[in-house]
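Biologist: Hey, got a minute to walk me through this model? Put it up on the screen and I'll fire questions at you.

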Amino acid sequence: MKRTLILQDTEVPMRSNALLEVNRRIHGEKNSESWLLAFSSDQESLPEGFDTIMLVQDEGIVKQDARHICAIIIDLHERHAFDTILIPGTWLGRMVAPRVARRMGVGLVAEINDVQRHGEDLEFVRTAYSGNVLAGIAMKSEPPIILSIKPGIFSWELKSQVKTVVQHYKGEIASPSSLTPLERKQRPLSYDIRDSDVLISGGGGAKRAYPMLETLAKELGGEVSASRKLVDQGIANRSIQVGQSGKIVSPRLYIAIGIDGAIQHVEGLQNVETILSVNTSPDAPICSISDVVVVGDAKTFIEKLLQKIALYNEQTKERANEYT
Ligand SMILES: Cc1cc2nc3c(=O)[nH]c(=O)nc-3n(C[C@H](O)[C@H](O)[C@H](O)COP(=O)(O)OP(=O)(O)OC[C@H]3O[C@@H](n4cnc5c(N)ncnc54)[C@H](O)[C@@H]3O)c2cc1C
């Protein structure tokens with residue numbers, strides 16, 4: 001049985017289990033034990049699907065100090081000998097991954113966006129030369145394999161219940177942190193949902209499809225927004241919340257995916273030209289104020305729409321080539 005350590009995505013903790021999909025592609029369906037290194041004082045809001053969660057009581061500073069996280073990972077590896085260490089390619093992960101690899105004296109494949117298996121051999125794919133080519137990288141070194149993973153690419157679904165053991169990290173952290181928090185501010189996003197003509201908005205029913213919303217938004221020239229449900233669950237950033245306690249938006253197209261349409265949410269929609277809602281229940285209140293209602297599953301809808309867009313783009317390209 002292989003053993004994999006996954007570092008929590010500290011930006012959006014509930015997104016951490018997307019890395020379980022990477023683990024599945026490397027080791028197969030049930031051939032590995034998955035461990036999550038998590039930072040939280042709240043045991044209630046931990047991601048699901050992991051065999052073991054190693055919880056570090058977050059004093060508010062630990063999870064921001066790459067040196068401490070690196071020391072904890074190395075300490076855990078010395079005690080549990082992981083075959084694979086997966087680190088999210090977030091701002092923090094980008095500081096942690098090379099430190100861990102350097103201190104362990106092994107290679108790092110950074111920012112992968114695909115894993116391919118050729119018989120016994122694994123190939124990790126990442127973009128190179130400013131995204132112009134895809135590079136396939138084979139790792140021949142001894143374990144552990146250390147990878148950082150580009151956010152928003154992989155998605156994972158809980159197929160069967162996993163009994164998670166939560167342990168509290170009791171190891172010695174190398175040295176006291178020399179960082180002192182002066183002020184806490186929410187990291188601003190590079191966009192404001194109030195400026196967008198097209199909003200792809202996710203709610204409680206789109207929890208598992210959340211990473212795909214960004215891909216759809218990109219294809220449709222829009223941005224991602226969310227209901228309070230996803231914000232409270234730590235999946236979406238508070239700055240993209242639509243509604244009474246969020247932002248009032250007026251896009252031309254609002255695609256509400258897995259959003260029920262509570263009054264506090266609908267209050268955030270003003271002068272929206274077209275509302276398209278996707279919901280498994282035709283009786284959800286959002287359906288009664290929508291111009292188009294798709295009754296069905298969020299993830300299936302997004303996958304099918306992305307396929308249609310890809311086909312359309314291909315046909316348009318072919319037609320353009322015929323004329324040149
Ligand atoms: C004072 C106050 C202020 C608030 N402010 C806001 C605010 O600003 N913004 C806000 O959004 N909320 C706000 N709320 C919370 C609000 O009342 C609702 O709880 C919240 O909007 C519910 O979010 P949701 O519709 O995404 O989730 P849920 O209520 O969980 O609804 C999920 C929906 O998804 C559907 N669904 C389930 N599975 C799937 C699937 N696989 N595919 C497709 N559809 C599926 C369900 O049928 C359901 O309609 C506020 C509440 C209070 C009390």
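Below we go through sheets, helix packing, the ligand shell and a couple of backbone oddities.

Modeller: Ground rules to begin with: this is a predicted model, where local features need pLDDT of at least 70 and side-chain atom pairs count only at pLDDT 80 or more, while totals for chains, interfaces and linings use all residues. Residues are numbered from 1 along each chain as its sequence is written.

Biologist: Fine. What is the strand order in the open sheet of five strands?

Modeller: The order is β12-β11-β13-β14-β15, and the pairing is parallel. Helices (H or I, at least four residues) and strands (E, at least two) are DSSP runs, numbered from the N terminus. Two strands pair if DSSP finds at least two bridges between them.

Biologist: And why is one side of β12 and β15 left without a neighbour?

Modeller: β12 (223-226) and β15 stand at the edges with a single partner strand each, so each has one side with no neighbour in the sheet. On average, neighbouring strands here are turned by 20° against each other, direction ignored. For angles, axes are lines fitted to C-alpha atoms, for helices over the stretch in contact, and the values run from 0 to 180 degrees between N-to-C directions.

Biologist: How many bridges are there between β11 and β12?

Modeller: Four, with β11 (residues 198-202) and β12 pairing in the parallel sense. Ser201 stands opposite Ser225 in β12. Further along, β13 (residues 253-257) and β14 run parallel and are joined by five bridges, with Tyr254 partnered by Ile275 in β14. β14 is then joined to β15 (residues 292-295) by four bridges, also parallel, and there Val278 has Val294 as its bridge partner.

Biologist: Which strands does α4 touch?

Modeller: Helix α4 (residues 210-219) packs on the sheet and touches β11, β12 and β13, and its direction makes about 170° with that of β11. Contact between two residues means that their C-beta atoms, placed from the backbone, lie within 7 Å.

Biologist: What about α4 and α8, at what angle do they pack?

Modeller: About 35°, with the axes of α4 and α8 (residues 298-322) 10 Å apart. The crossing is left-handed; that is the call if the near helix is turned anticlockwise from the far one by less than a right angle, and right-handed if clockwise. Met212, Thr215, Leu216 and Glu219 of α4 meet Lys299, Ile302, Leu305, Leu306 and Ile309 of α8. By class that contact divides into six nonpolar, one polar and two charged residues. Ala, Val, Leu, Ile, Met, Phe, Trp, Tyr, Cys and Pro count as nonpolar, Asp, Glu, Lys and Arg as charged, and the others, Gly among them, as polar.

Biologist: Switching to the ligand: how many residues surround it, and which are the closest?

Modeller: There are 26 around the ligand, and the closest are Gly203, Gly204, Gly205, Ser227 and Gly243. To count, a residue needs its C-beta atom, placed from the backbone, within 6 Å of the molecule. The elements giving two or more residues to the shell are α5 (228-232), α6 (263-266) and β14 (274-279). The shell has six nonpolar, 16 polar and four charged residues.

Biologist: Another helix pair, then. How far apart are the axes of α2 and α3?

Modeller: The axes of α2 (residues 66-80) and α3 (residues 91-104) are 9 Å apart, and the helices pack at about 45°. They are therefore oblique to each other: angles under 35 degrees count as roughly parallel, over 145 as roughly antiparallel, 65 to 115 as roughly perpendicular and the rest as oblique. The α2 and α3 crossing is right-handed. The contact residues include Ile69 and Ile73 of α2 and Met95 and Val96 of α3. This contact of α2 with α3 has 10 nonpolar, no polar and two charged residues.

Biologist: Which peptide bond is cis?

Modeller: The one joining Pro143 and Pro144, with omega about 5°. Pro144 lies in the loop between β8 and β9 (145-149). Ala81 is another one to look at, with phi near 45°, a positive value in a residue other than glycine. Ala81 sits in the loop between α2 and β4 (84-88). For background, most residues other than glycine have a negative phi, and most peptide bonds are trans.
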